[in-house]
Amino acid sequence: MKSLSQTFLISILVATFFLIFSSPRVESQTVIVEKQYITVTDHERINLFISELLTPKSAKCFRAILNHESHMNPYAQNPNSSASGVGQLLSSTYRNLGMKKTNDPLGQVVASLSYISRHYGGVNSTCTAWHYWQKNFNY
């Protein structure tokens, strides 16, 4: 089983240009590439991804659904059905969306948003889905 923490390589390109005016024969340009390793959890990746994709209001509603469904755990598995992942989507839901079932948390977020968009439609579909969840304990 994969660790909930994953390490990502973030390459930061720091360009420093040195132009030496006192000596016209020396024209140098130095590029330094600095690599940092940053460890982030799946939960952090999911939250960052949601923040980039959705408005604050939609993000709040969507996070509420995912927190109630799986606590944003991409490895969550319903013992009574094929529902799994952050959005607890069924295997048949993935097939109906034309997507492959995945353990990748960001792929699961995309699938969950696709389902919500198709099922609830409209600009506020994540909030509509959240309001439905509050009444029915599913979406």
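Let's start with Gln77, which at 49% relative accessibility counts as partly exposed, because the buried class ends at 20% and the exposed class begins only over 50%. This is a predicted model, by the way, so please hear everything I say with that in mind. Gln77 sits in the loop between α2 and α3. What does Gln77 touch, once we leave aside its neighbours within four places in sequence? The partners are Ser82, Ala83, Ser84 and Gln88. For Gln88, 11 residues along the chain from Gln77, the C-alpha separation is 7.5 Å.

Now let me step back to the whole chain. We have 5 helices and 2 strands, and along the sequence they run β-β-α-α-α-α-α. Of the 139 residues, 35% are buried. If you take the contacts between residues at least 6 apart in sequence, 50% of them join residues at least 24 apart.

A word on confidence. The mean pLDDT is 82, with 79% of the residues at 70 or more. Residues 1–23 are another story: there the pLDDT is below 50, and the model gives that stretch 52 contacts beyond near neighbours in sequence.

On to the helix just before our loop, α2. Its 15 residues should span 21 Å at 1.5 Å a residue, and the end C-alpha atoms are indeed 21 Å apart, so the two agree. Which residues of α2 are buried? They are Ser58, Ala59, Cys61, Phe62, Ala64, Ile65, Leu66 and Ser70. These buried residues pack against α1, α4 and α5. Right after α2 comes His71, with a positive phi near 55 degrees.

That brings us to α4, residues 105–120. With 16 residues at 1.5 Å each step, we expect a span of 22 Å, and the distance between its end C-alpha atoms is 22 Å, which agrees. The buried list for α4 is Pro105, Leu106, Gly107, Gln108, Val109, Ala111, Ser112, Leu113, Tyr115, Ile116 and Tyr120. What covers them? The cover includes α1 (42–53), α2 (56–70), α3 (91–97) and α5 (125–136). After α4 we again find a positive phi, near 55 degrees, this time at Gly121.

Let's look at how α4 meets α5. Their axes come within 9 Å and cross at roughly 85 degrees. The two helices are therefore roughly perpendicular to each other. On the α4 side the contact is made by Leu113, Ile116, Ser117 and Tyr120, and on the α5 side by Ser125, Thr126, Thr128, Ala129 and Tyr132. Sorted by type, that contact has 5 nonpolar residues, 4 polar and no charged. You can match this against the buried list of α4, where Leu113, Ile116 and Tyr120 appear.

Last stop, α5 itself. This helix has 12 residues and reaches 16 Å from its first C-alpha to its last, close to the 16 Å expected at 1.5 Å a residue. Its buried residues are Ser125, Thr126, Cys127, Ala129, Trp130 and Trp133, and they pack against α2 and α4. Just after α5, Phe137 takes a positive phi of about 60 degrees.

If you want one thing to rotate on screen, try the crossing of α4 and α5, at roughly 85 degrees. Thanks, everyone, and I'm happy to take questions.

Definitions and conventions:
Residues are numbered from 1 along each chain as its sequence is written. This is a predicted model: local features need pLDDT of at least 70, side-chain atom pairs count only at pLDDT 80 or more; totals for chains, interfaces and linings use all residues. Side-chain values use heavy atoms; hydrogens and water are left out. Helices (H or I, at least four residues) and strands (E, at least two) are DSSP runs, numbered from the N terminus. The expected span of a helix is 1.5 Å times one less than its number of residues. Buried means under 20% relative accessible area, exposed over 50%, partly exposed in between (1.4 Å probe, protein chains only). Contact means heavy atoms within 4.5 Å. Axes are lines fitted to C-alpha atoms, for helices over the stretch in contact, and angles run from 0 to 180 degrees between N-to-C directions. Angles under 35 degrees count as roughly parallel, over 145 as roughly antiparallel, 65 to 115 as roughly perpendicular and the rest as oblique. Ala, Val, Leu, Ile, Met, Phe, Trp, Tyr, Cys and Pro count as nonpolar, Asp, Glu, Lys and Arg as charged, and the others, Gly among them, as polar. pLDDT is the predictor's confidence in each residue, from 0 to 100.
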